[in-house]
Amino acid sequence: MNKLMDNKVDAYRIGVGHMKETLPNVVETYHSFTAQCFEDHAVSAKNKQLIALGIALFANNEICTYFHVKEALSQGASPSEIMDAVAVAAAVGGGHALSQGVTRVQQALAAQLQ
């Protein structure tokens, strides 16, 4: 990861550290929850990181995108697997826009043109 990406992830971690000073139970509970969510279970930890990457991309969350690329690599994901996750996120994002276009937009057009 390049320096800019590292700096952004570090800024997040510093911010969480400051929040922990004020709300330690919230931060500790969140970290415990997410740690359990990303453990190997029915879905492997690697695949969970790939899922999280796709969600981060769809949500346009820059810091989570950097974080989950790094974590996916650490769980053994290949660059090809990571780019496959990117392609799936792109398909879902495009599908989301299309599904809204063919339902809500067409309904709005029909209502306005009556």
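Visitor: Is Glu62 buried, partly exposed or exposed, and what is its relative accessibility?
Guide: Keep in mind that we're looking at a predicted model. Partly exposed covers what falls between under 20% (buried) and over 50% (exposed). Glu62 lands in that middle class, because its relative accessibility is 36%.

Visitor: Which residue does Glu62 form a salt bridge with?
Guide: Side chains of opposite charge can pair when their charged atoms come close. For Glu62, the closest N and O atoms of the pair are 3.1 Å apart. The partner counts as partly exposed too, at 26% relative accessibility. That partner is Lys8.

Visitor: How many residues apart are Lys8 and Glu62?
Guide: Start with the helices: Lys8 is in helix α1, residues 3–22, and Glu62 is in helix α4, residues 62–74. So the pair links distant parts of the chain, and it counts as a salt bridge because 3.1 Å is within the 4 Å limit. The separation along the chain is 54 residues.

Visitor: What separates Arg13 and Asp10 in helix α1?
Guide: These two form a salt bridge as well, with their closest N and O atoms 4.0 Å apart. Both count as partly exposed, Arg13 at 41% relative accessibility and Asp10 at 36%. Because they sit 3 residues apart in helix α1, what separates them is about one helical turn.

Visitor: Which residue forms a salt bridge with Lys20?
Guide: Lys20 is partly exposed, with a relative accessible area of 38%. Its partner counts as partly exposed at 41% relative accessibility. The closest N and O atoms are 3.7 Å apart, and the partner is Glu28.

Visitor: How many salt bridges does a search of the whole structure find?
Guide: We've already met some, including Lys8 with Glu62 and Lys20 with Glu28. Searching the whole structure gives a total of 4.

Visitor: Why is Cys64 too far from Cys37 for a bond?
Guide: A disulfide needs two cysteine sulfur atoms within 2.5 Å. Cys37 is the closest cysteine to Cys64 by sulfur, yet that gap is too far for a bond. A search of the whole structure finds 0 disulfides. The reason is the distance between the sulfurs, which is 13 Å.

Visitor: Which residues lie nearest the centre of the largest pocket?
Guide: The largest pocket has a volume of about 610 Å³, and 22 residues line it. Helices α1, α2 (24–37), α3 (45–58) and α4 each supply at least two of them. Nearest the centre you'll find Tyr30, Phe38, Cys64, Phe67 and His68.

Visitor: How many residues in the lining of the largest pocket are nonpolar, polar and charged?
Guide: Here we sort the lining of the largest pocket by class. The split comes out as 14 nonpolar, 6 polar and 2 charged residues.

Visitor: How far apart in space are Leu50 and Tyr30?
Guide: Leu50 has its place in helix α3 and is buried, with a relative accessible area of 12%. In sequence, Leu50 and Tyr30 are 20 residues apart. In space, going C-alpha to C-alpha, the distance is 20 Å.

Visitor: What percentage of residues 24–101 is helix?
Guide: UniProt, in an unreviewed entry, lists this stretch as "domain: Carboxymuconolactone decarboxylase-like". Its end C-alpha atoms are 44 Å apart. Strand makes up 0% of the stretch, while the helix share is 82%.

Key. Residues numbered from 1 in each chain as written. Predicted model: local features only at pLDDT ≥ 70, side-chain atom pairs only at ≥ 80, totals over all residues. Heavy atoms only, no water. Salt bridge = Lys/Arg side-chain N within 4 Å of Asp/Glu carboxyl O. Helix = DSSP H or I, 4+ residues; strand = E, 2+ residues; numbered from the N terminus. Buried < 20%, exposed > 50% of the residue type's maximum accessible area, 1.4 Å probe, protein only. UniProt positions renumbered as here; feature names shortened; annotations may be inferred. 1 Å grid on protein atoms, 1.4 Å probe; cavity = no way out; pocket = protein on both sides within 12 Å on 5 of 7 lines; lining within 4 Å. Points joined across faces, edges and corners; volume = space filled by probe spheres on them. Nonpolar A, V, L, I, M, F, W, Y, C, P; charged D, E, K, R; others polar.
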